[in-house]
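Here is a short tour of one protein model, written for someone who likes to look at side chains and strands. Have a look at the structure first, and then we can walk through a few of its details together.

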Amino acid sequence: MKLTFGYIFGAMILPNLILLYLWYRVVFPRKNMKPICRLLCYLTLIFFAINPFLFLIVGGNKVYPKLPPLFIEFSGLAFFVLVIFAFFIWLKDVFSLLSRILAKFFSCKSLGFSLSKKFMATAFAIAFALACYGNYCAHRLPIVTEYTVESESLPSSFNGFKIALVTDIHAWRGQGKDFVQSVVDITNAQHCQLVLLGGDYLDETIADLGEALLPLKSLKSQVGIYAVPGNHEYYLDYSEWKRFFEEKLNIPVLINQHKMIVSSANQAIFLTGISDESAKHTGDKMPDVKRALPVFGFPVFNILLSHRPNNAKRNCKLGVNLQLSGHTHGGILPFLSKIICFFHAGGYVAGEYKLDNMTLIVSRGANGGNIRIMNPAEIVVVTLKCRK
């Protein structure tokens, strides 16, 4: 797996800033802390600071190393306890700073920046409870979220046409073949005419765990099943992944290509699929919406399947009517969503967005990961309607 800015920021810079903040505000000021407690705090912070490198050295993979799933789950849960704990301390510092500013103007008593043992114990207990609850939510099966998209460009015979979007499955040894089968069962139960797979299917190589994706072969649709790559496909042997999907699963992979979807009344809409920006690290085709879209002298209804929602504004200007994306995991935690939105998603985290004549729908993804709070995993079902 090659290092990218998104990975470096998300897995190294941001976590270490959080850990450094905890050291500065919690460990360093407490001069009377028992040596053994101070040592344990230092070791804990150091462990999580170098965690990606440890995973790489010991397990061979920074994302999901070849280590016991229980250990990976526990380390992920423990890290999110620290993240939420740091967030509470940061909130107190913000309120204390605002209080000091207001006190200067209104001659009132201000809050201090010091952290009492009672405050930290309460904050840590709440952080632990929230992380455990988030971990429980993350291991629940995805819900079905339905949207209705209306368009004047939609042919009449496609009125009521249903599309399932399944993205960010992220199968691994802790959630393997049985989990993927459950995702397939939920999707098939929606009886959609078209099923679209939006990337990030596996967090290990096809050689190590490709069999976990075999249930995708039993996906059902009336007019077709199509896939595009996500960033993880380029991290873990893109060519092998593409070959597996097309030869073993019989699922076409659209790389800057479009397909015509024809109704029984001989009317057509178009589906365009593009590659992911991570292709630049492997020398494969970069996403090119402009060249991939069909070109006619009259308006047609265009659906764009893109793992990332970043370039939605540009795609709208190119004549896309509906863009379906994932990648963001819905922001994971409420207070992290804006950060993830800024660095990863071009301003789009989850749900439906209206951009002039285009609708963008960003799925929270089918897999929960380590933690989800107020942000359940989902399978998206879109019903197309003719606007008169």
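This is a predicted model, and a good place to start is a charge over a ring: lysine 31 lies over the face of phenylalanine 28, 4.1 Å from the ring centre.

Aromatic rings also meet one another here, with 14 aromatic pairs in the structure. Two of these pairs share tryptophan 241 and are set out below.

| Ring pair | Centre distance | Plane angle | Geometry |
|---|---|---|---|
| Tyrosine 201 and tryptophan 241 | 5.9 Å | 10 degrees | stacked |
| Tryptophan 241 and phenylalanine 245 | 5.2 Å | 45 degrees | tilted |

Tyrosine 201 sits in the loop between strand 3 and helix 7, while tryptophan 241 belongs to helix 9, so their pair ties together parts that are 40 residues apart in sequence. By contrast, tryptophan 241 and phenylalanine 245 are both in helix 9, 4 residues apart, or about one turn of the helix. Are these rings buried or exposed? Tyrosine 201 is buried at 0% relative accessible area, tryptophan 241 is buried at 2%, and phenylalanine 245 is buried at 0%. Ring pairs link these three with Tyr234 and Tyr238 into a cluster.

Now for the strands. Strand 2 (residues 162–166) is mostly covered, with 4 of its 5 residues buried. Strand 11 (residues 378–386) runs antiparallel to strand 2 and is joined to it by 4 bridges; there, leucine 165 has valine 380 as its bridge partner. Strand 3 (residues 194–197) runs parallel to strand 2, again with 4 bridges, and valine 195 stands opposite alanine 164. Between strands 2 and 3 the chain passes through helix 6 (residues 177–188), forming a right-handed β-α-β crossover.

Key:
Residues are numbered from 1 along each chain as its sequence is written. This is a predicted model: local features need pLDDT of at least 70, side-chain atom pairs count only at pLDDT 80 or more; totals for chains, interfaces and linings use all residues. Side-chain values use heavy atoms; hydrogens and water are left out. Buried means under 20% relative accessible area, exposed over 50%, partly exposed in between (1.4 Å probe, protein chains only). Helices (H or I, at least four residues) and strands (E, at least two) are DSSP runs, numbered from the N terminus. Two strands pair if DSSP finds at least two bridges between them. A crossover is right-handed if, with the strands pointing away from the viewer, the path from the first strand over the helix to the second runs clockwise. Rings of Phe, Tyr and Trp (its six-membered ring) pair if their centres lie within 6.5 Å; planes under 30 degrees apart count as stacked, over 60 as edge-to-face and the rest as tilted. A charge sits over a ring if NZ of Lys or CZ of Arg is within 6 Å of the ring centre and within 35 degrees of the ring normal.
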